[in-house]
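Reader: I am new to this structure and would be grateful for a close look at a single part of it, namely the place where its chains meet. Please treat the matter in one connected account.

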2 protein chains.
Amino acid sequence: MYRTHTCGELRIQNAGETVTLSGWVQKIRSLGAMTFIDLRDRYGITQLVIEEHSPADVKETAGKLGREFVIQATGKVTERSAKNNKIATGEIEIIVTGLQILSSSEVPPFTIEDNSDGGDELRMRYRFLDLRRNPLKNAMILRHKMAKEIRNYLDSLNFLEIETPYLIKSTPEGARDFIVPSRMNPGEFYALPQSPQTFKQLLMVSGYDRYFQIVRCFRDEDLRADRQPEFTQIDCEMSFVERDDVLETFEGLVKHLFKRVKGIDFSENFPRITYAEAMERYGCDKPDLRFGMHICNVTDETKGRNFVVFDSAEYIGAICAEGCAGYTRKQLDALTEFVKRPQIGAKGMVYIKCEEDGSYKSSVDKFYSADDLAKIAQKTGAKPGDLVLLLSGDKKKTLGALCELRLEMGNQLGLRDNNQYAPLWVIDFPLLEWDEETGRYFAMHHPFTSPKMEDMPLFETDPGKVRADAYDLVINGVEVGGGSIRIHNSEVQQQMFKNLGFTPEEAEKQFGFLINAFKYGAPPHGGIAFGFDRWCSIFGGTESIRDYIAFPKNNSGRDTMIDSPSKVAPEQLKELSISVNE
Amino acid sequence: MYRTHTCGELRIQNAGETVTLSGWVQKIRSLGAMTFIDLRDRYGITQLVIEEHSPADVKETAGKLGREFVIQATGKVTERSAKNNKIATGEIEIIVTGLQILSSSEVPPFTIEDNSDGGDELRMRYRFLDLRRNPLKNAMILRHKMAKEIRNYLDSLNFLEIETPYLIKSTPEGARDFIVPSRMNPGEFYALPQSPQTFKQLLMVSGYDRYFQIVRCFRDEDLRADRQPEFTQIDCEMSFVERDDVLETFEGLVKHLFKRVKGIDFSENFPRITYAEAMERYGCDKPDLRFGMHICNVTDETKGRNFVVFDSAEYIGAICAEGCAGYTRKQLDALTEFVKRPQIGAKGMVYIKCEEDGSYKSSVDKFYSADDLAKIAQKTGAKPGDLVLLLSGDKKKTLGALCELRLEMGNQLGLRDNNQYAPLWVIDFPLLEWDEETGRYFAMHHPFTSPKMEDMPLFETDPGKVRADAYDLVINGVEVGGGSIRIHNSEVQQQMFKNLGFTPEEAEKQFGFLINAFKYGAPPHGGIAFGFDRWCSIFGGTESIRDYIAFPKNNSGRDTMIDSPSKVAPEQLKELSISVNE
């Protein structure tokens, strides 16, 4: 062992002991004949001191050191005269009597500090150095701890972690599958799983009634800032359960994690909001419940006053921003610009200022009497001093725009504190989604999602209204997980395929082995999957999931550190019976 | 919830309670007006009873049941008159008052019993049914438990589990890499990792001094019965350690697992045997130490008696099979046939029977006097009643053949009990391996394995003699894990590349990013990796690792259940800019 202690371990109680530490040189300061070295490892920083009367070889070695050199130092633990209460070892220092360079270091391309001077790209290229920084180190430790607590909790409930294969089969609709040529089976390919969905359902058929897995998943799609071609999922499935059994089990998991990792107690049940309600009140299916400011339908209150914009709109909705009546022209214009951005797509914005004196000022004063404005404001719950913001148009789009406006106002008012957590379940999602392009319904989740039994008759009359026994866990406006009760009955499944426009042959081709397995006794079952990277980032309190992945890819799916993907040798392609198209 | 209890839970104490169980119909027996159903789930079997005076609908439903139907039964827990002490629930049965079919089942293609009537291929195709059988269920539970205990132990020692990427880079020598075309980077490929070796070393450079990961690895090689294209590794690395630190840490892990999973205490340290000694005494680098019968070099004792076979041989070795002097002609012939099989390749076998009366009988009586034979027998430690077996020829090959013969005799004498465990460390492996074909040395492990410092001068004089700081964990003749101390010093690394015949350019091309990372302060480090599938099979006491993998591939790398690998759509290949060679 190259050390007797770590750099985060020594305290005043150790004073007088002779110790050996190893680590990286964080900082060197020379004060006259004295040299101070901050020695760093994963556990902390300890101050080394080389004095005027230190051994000559120690002084000589110290003279050669630079930032990020790896050294081994032996010496006596001594009480500091000037204590540093910012670090755990701040009461002591080591008077060095032996010093050895274990590895030298070139000058790193950016500073290894909490706030580095390195740009994003440079730090990705030198990820192995970036990972030395505290924010990333803490992210890795958080991730480890979360995985551990997830496993402990699920194990305590008799869940078995079962590994499912990574080399699976590409499905005709799996356009975003990564595929893998098979050398032993020329012309044939494996696919990397987008999720272990099929296998976990097979495990239910096999009788493993409580399964989970922390598992890598793969999706070859265009990447946005917060997507990765490989990501980690907490994949879970249970048999002999109904929806509420699943929700209770995993609400327990979420609470356990909050308690053990963040020290936060959630004694109350998480709110459950239907998809329909989420859309009406928050304009989206993943509402941020850290603050209220919900959307009010003011269509009735605003129509028929000859304001053509509203009169021609399908829907008019409003939110009330507390205490914002004083917003300036400039601030209001900025908000109007915000909602008119193409991603949001509103045509304009109407405001009503509820002045402290009880009067109203609005951008549409000439169409609405004070009484009219009062009624609208009242509907949103506005009090004197508040600002009501209205958007109008097509209902779905307008709700979407109001959702964005609400979040923006939440930001402006500081209502979205990263250290506050508002988890909820969104339930009763629609089963089907209409696709304009192909003119048919698609399964919103996947074709094995169970409809709510009471909605079965709607398949004949209004399929779009059929609700699924599907649910999402949302925390702070982010979808952390989602799942459903699955269909385990062959007749319901046949009906489902018919509704989705599959011929029996197509269904067989695409889902054959699961349909076949279901012929041999499938238990009622359901499950959920959580996005682990995302969940870590929420617990860590930062936006980017990349910070929680040791070696992430950039937005082009590249790992710039190892320079991958890359070309491969022609012989290798030949062995695999494939060629690259020129 | 479709049940109040599992099928493994109810005891005599529950008598009188009304319960609901769900599970699979294992067996139905009708005795006159009574019907007995064995209801099975993951937790056990509970007997259901339908009587003459049971509700009519229950009797009707019972009449429709078949094997592997999924049912839900409600009834009263009742003490059995005829108890079954073979199962935990054997003291009670359920008098059924409500019965529902949750899923029907076709007749399964083989019996779901501990010993199934299904052939290997059929059971692979219906793996989801095979997984219902106890032996496989117990294997999955064992695997879960082992993974849990591994994580608990390593976590308690401050190891962090850090996930490394699966989409990495193909290396020029990575002929057995699976590669993955990148849609976003046409003509370029990721590779699936054969192990996270590089990344764990990078993590050491990053300061994560105790890393582990239970991780999937991939190798596209011709499969033998006990190989899989994807397999799971327990991958570990530590910084600021020397060899003995690594061995002690992971010997602790092995002992912890034996204790927690098998209830076996190993209070003694595991034996450590050098590679050279293992080869001399057991003929291989993974000796089975459940029994002695080690190999004796009897070259000196056998040469010069005009027996041309021995006189012309480089090496003559012998083992002593206790109590086998009574072997018949037929048994001895069978052993001769055994060693002459092409996989073993001996030319013949000589025996010496040490008779109970103190005389010796040998197949080479005419060359050796009784005294000669006594000397040879003595060297092997033979006593009256024992049988000495001799092989001769090229030393390396003969030792290999003696190894096989020793294992065969161990089998014949019942010395290889699957419930007995003999772990050991094999240390001091050669660093380099001579390749006849290319006429150069290769790294036996990988080019970052550290030579033993005292052997450094041998690089100049006899590179084949340089020993590595490498080690294997062997249990019962199976290599369960292996690792090494790595080179962290750039000069040693340069020397190493030179010895391996790499030009600086080649080294840069192949290992560039690791060499580069090492320029920024690499700590001394070393590690180990264990084959998790294999380890499970040893703990489970069966030969095949397949039984410990939920969804394994067959010997052609195929998953016959999902029929993968398979052809993919031409449009998909086009999007990936590749074609299949016709």
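Author: Copies of a chain are compared by superposing them by least squares on the C-alpha atoms of residues with pLDDT of at least 70 in both. The model considered here is a predicted one. Superposed in that way, chain B can be laid on chain A with an RMSD of 0.1 Å, and the operation that does so is a turn of 180 degrees with a shift of 0.0 Å along the axis. This is the relation of a two-fold axis. In general, two copies of a chain are related by a rotation about an axis and a shift along it.

The interface itself may now be described. Chain A contributes 125 residues to the contact, and chain B contributes 124. Of the area that chain B buries against chain A, 8% is supplied by B:Arg42, B:Phe240 and B:Tyr520, which is more than any other three residues supply. Because 100% of the interface residues of chain B are also interface residues in chain A, the copies meet through the same surface. Between them the two chains bury about 11,300 Å², and 55% of this lies on carbon and sulfur atoms.

Polar and charged pairs also cross the interface. The rule finds 19 salt bridges between chain B and chain A. One salt bridge joins A:Arg176 to B:Glu575, with the closest N and O atoms 3.5 Å apart. Residue pairs in polar contact across the interface, both members at pLDDT 80 or more, number 85. On the side of chain B that touches chain A, helix H4 (residues 134-156) of chain B gives the most, with 10 residues.

Some details within the individual chains complete the picture. In chain A, a cis peptide bond with omega of about 0 degrees joins A:Ser564 and A:Pro565. A:Pro565 belongs to the loop between helix H16 (532-540) and helix H17 (570-575) of chain A. In chain B, B:Ser564 and B:Pro565 are likewise joined by a cis peptide bond, with omega about 0 degrees. The loop that holds B:Pro565 runs between helix H16 (532-540) and helix H17 (570-575) of chain B.

Two further residues of chain B deserve notice for their backbone. B:Glu68 is not a glycine, yet its phi is positive, at about 70 degrees. This residue is placed in the loop between helix H1 (56-64) and strand S4 (70-79) of chain B. With a relative accessible area of 1%, B:Glu68 is buried. B:Asn306, also a residue other than glycine, has a positive phi near 70 degrees. The loop between helix H8 (299-302) and helix H9 (308-311) of chain B contains B:Asn306. B:Asn306 counts as exposed, at 65% relative accessibility.

Finally, one helix of chain A may be considered. Helix H7 (residues 275-282) of chain A has as its buried residues A:Tyr275, A:Ala278, A:Met279 and A:Tyr282. These cover an arc of only 105 degrees around the axis, which puts them on the same side of H7(A). In an α-helix there are 3.6 residues a turn, so residues three or four places apart point the same way. The buried residues of H7(A) pack against strand S11 (272-274), helix H12 (395-412) and strand S17 (423-427) of chain A. After H7(A) comes A:Gly283, with a positive phi near 75 degrees.

Key. Residues numbered from 1 in each chain as written. Chains lettered and ligands numbered in written order. Predicted model: local features only at pLDDT ≥ 70, side-chain atom pairs only at ≥ 80, totals over all residues. Heavy atoms only, no water. Contact = heavy atoms within 4.5 Å. Buried < 20%, exposed > 50% of the residue type's maximum accessible area, 1.4 Å probe, protein only. Helix = DSSP H or I, 4+ residues; strand = E, 2+ residues; numbered from the N terminus. Arc of directions from axis to C-beta. Buried area = accessible area lost by both parts, 1.4 Å probe. Salt bridge = Lys/Arg side-chain N within 4 Å of Asp/Glu carboxyl O. Polar contact = N/O pair within 3.5 Å; in protein donor to acceptor, adjacent residues only side chain to side chain.
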